[in-house]
Amino acid sequence: MLTLLLSTVLAFLCGFAIRRGSICAVVAAQMLVRDRRSTRMRAFGLAAAASGAVILPLHWMMPDAVHLSPDRSVGWAAIAGGAVFGLGARLNEGCVLGTLSHLTGGRTDYAFTVVGMIAGALATYAWHGLPDVATDLSPLEAPGPLSLLVAAVFMLTVGLTLQRRARRWLRDLRAPGVVHFGPFRAMLVIGLCGGLLHALAGGWTYMSVLSDHALWLADPTKTVATGPTAVAMAAAGAVVAGGIVAALRSGTFHWRGPTLRRSTRCLAGGCLMGGGAYLVPGGNGALIVHGVPSLAGHALASYAVMTIVLCASFLPLGPRPGGHRHAV
């Protein structure tokens, strides 16, 4: 019960931060390529560092209770999954986090993205079967020279970010007119809370819950397909609730009915995202707060491929006029 309560609170904070920060890997790639601004892309790195700063020490102290991501082989599934997921996110105009941000802000077209994710996971299961089995433990599984160095880098990254920005963030908390989180503040919350959630509850993101439930519905006899746990389901629901509350409190919730063109794109993009996440396995949210901080090979490779695909998709559009003047 304590785990359930803690997971629900942490998930709510994640959802709140995702919506208030308008977090999305597609937007980050667009800003990097077209505006020459790396702020949002670097914020995703902060999320990985914040998660690692939490889960690594906790895992070393409580290895049976807090788990790192296993290291799956970097094969065709990880590479193809990252590429397909990136294409789907581009078509959808929103990654897993961006979809949640749009949906909890009242954009009902993105409900079709969720439907597409389930369909994509089911179709990929019918074609590929069960996901590849993890072959190795995380290279950070036990304290050692590499593990301690990585943990120190994670903690230093978080510490320097707080040193530079914490005073301004505290001032913003006392300013009632501030309704938007900057990307670094939002991703710090997502990294700290999301990493701890993955360690405690396993696949807690709504993407993970949808994939697990779709697999379980497709074949309940598979021993690994037991469906999402109650804690994971509660956390996924709390993430959505946090996003809705953030939109309502900031006055940015605007109900918009679906359109045929937008809904079709969301459905198709969701199918690709669901299939790609099934192959990896994991969507970009799970990778950045669990797989990457664990230095899991498949997570690093898949996330890199996804980012390259997203950035490449914006190259033909060229830089926006004046975008280079705002480089960060």
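These are my notebook entries on a predicted model of one protein chain.

**Entry 1: the whole chain**

I began with the overall make-up. I counted 13 helices and zero strands in the protein chain. Reading along the sequence, I wrote down the pattern α-α-α-α-α-α-α-α-α-α-α-α-α. Next I looked up burial. Of the 328 residues in the protein chain, 52% are buried. Then I turned to contacts with a separation of 6 or more. Residues 24 or more positions apart account for 83% of these contacts.

**Entry 2: helix H3**

I picked helix H3, which covers residues 39–61 and has 23 residues. From its first C-alpha to its last, H3 reaches 34 Å. The span expected at 1.5 Å a residue is 33 Å, and the value for H3 is close to that. How many of the residues of H3 are buried? I found 17 of the 23, so H3 is largely enclosed by the rest of the structure.

**Entry 3: helix H11 and methionine 273**

I moved on to helix H11, residues 260–279. H11 has 20 residues, so at 1.5 Å a residue it should span 28 Å. Its end C-alpha atoms are 29 Å apart, which agrees. I then listed buried residues in H11. Among them are Arg262, Ser263, Cys266, Gly269 and Gly270. Further along H11, the buried residues include Met273, Gly274, Gly275, Gly276, Ala277, Tyr278 and Leu279.

I took a second look at methionine 273, which sits in H11. Its relative accessibility is 0%, so methionine 273 counts as buried; the cut-off is under 20%. Which residue did I pair with methionine 273? I chose asparagine 92, which is 181 residues away in sequence. In space, the two are 8.8 Å apart, C-alpha to C-alpha.

**Entry 4: helices H5 and H6**

Here I checked how two helices meet. Helix H5 covers residues 96–104, and helix H6 covers residues 111–128. Their axes come within 9 Å. They cross at roughly 140°. On the H5 side, I noted Val96, Thr99 and Leu103. These meet Ala111, Thr113, Val114 and Met117 in H6. The residues of this contact divide into five nonpolar, two polar and no charged.

**Entry 5: glycine 105**

Between H5 and H6 there is a loop, and glycine 105 is in it. Is glycine 105 buried or exposed? Glycine 105 is buried, because its relative accessible area is 2% and the cut-off is under 20%. I looked up what glycine 105 touches, leaving out residues up to four places away in sequence. The list is Arg19, Ala247, Thr252, Phe253, His254 and Arg256. I followed up on arginine 19, which is 86 residues from glycine 105 along the chain. Their C-alpha atoms are separated by 7.6 Å.

**Entry 6: backbone angles in three loops**

I searched the loops for special backbone angles. Glutamate 93 is in the loop between H4 and H5. Its phi is near 60°, a positive value in a residue other than glycine. Glutamate 93 is partly exposed, with a relative accessible area of 36%.

Leucine 295 is in the loop between H12 and H13. Leucine 295 is not a glycine, yet it has a positive phi of about 55°. At a relative accessible area of 23%, leucine 295 is partly exposed.

My last loop was the one between H11 and H12, where proline 281 is found. Is the peptide bond from valine 280 to proline 281 cis or trans? I read it as cis, with omega near -5°.

**Entry 7: the second largest cavity**

I finished with empty space inside the model. A search of the whole structure finds three cavities of 30 Å³ or more. I chose the second largest, which holds about 50 Å³ of space. Its lining includes Gly82, Phe85, Val280, Gly282 and Gly283. Asn284, Leu287, Ser302, Tyr303 and Met306 also line this cavity.

Which helices each supply at least two residues of this lining? I found H4 (76–92), H12 (284–291) and H13 (297–314). The largest share, three residues, comes from H13. I sorted the lining of the second largest cavity by type. It divides into five nonpolar, five polar and no charged residues. Val280 turns up in this lining, and valine 280 is also where the cis peptide bond to proline 281 starts.

Note on methods
Residues are numbered from 1 along each chain as its sequence is written. This is a predicted model: local features need pLDDT of at least 70, side-chain atom pairs count only at pLDDT 80 or more; totals for chains, interfaces and linings use all residues. Side-chain values use heavy atoms; hydrogens and water are left out. On a 1 Å grid over the protein atoms alone, a cavity is a set of points where a 1.4 Å probe fits but cannot get out, and a pocket is an open set with protein on both sides within 12 Å along at least five of seven lines; lining residues have an atom within 4 Å of a point. Grid points are joined across faces, edges and corners, and a volume is the space filled by probe spheres set on the points. Helices (H or I, at least four residues) and strands (E, at least two) are DSSP runs, numbered from the N terminus. Ala, Val, Leu, Ile, Met, Phe, Trp, Tyr, Cys and Pro count as nonpolar, Asp, Glu, Lys and Arg as charged, and the others, Gly among them, as polar. The expected span of a helix is 1.5 Å times one less than its number of residues. Buried means under 20% relative accessible area, exposed over 50%, partly exposed in between (1.4 Å probe, protein chains only). Axes are lines fitted to C-alpha atoms, for helices over the stretch in contact, and angles run from 0 to 180 degrees between N-to-C directions. Contact means heavy atoms within 4.5 Å.
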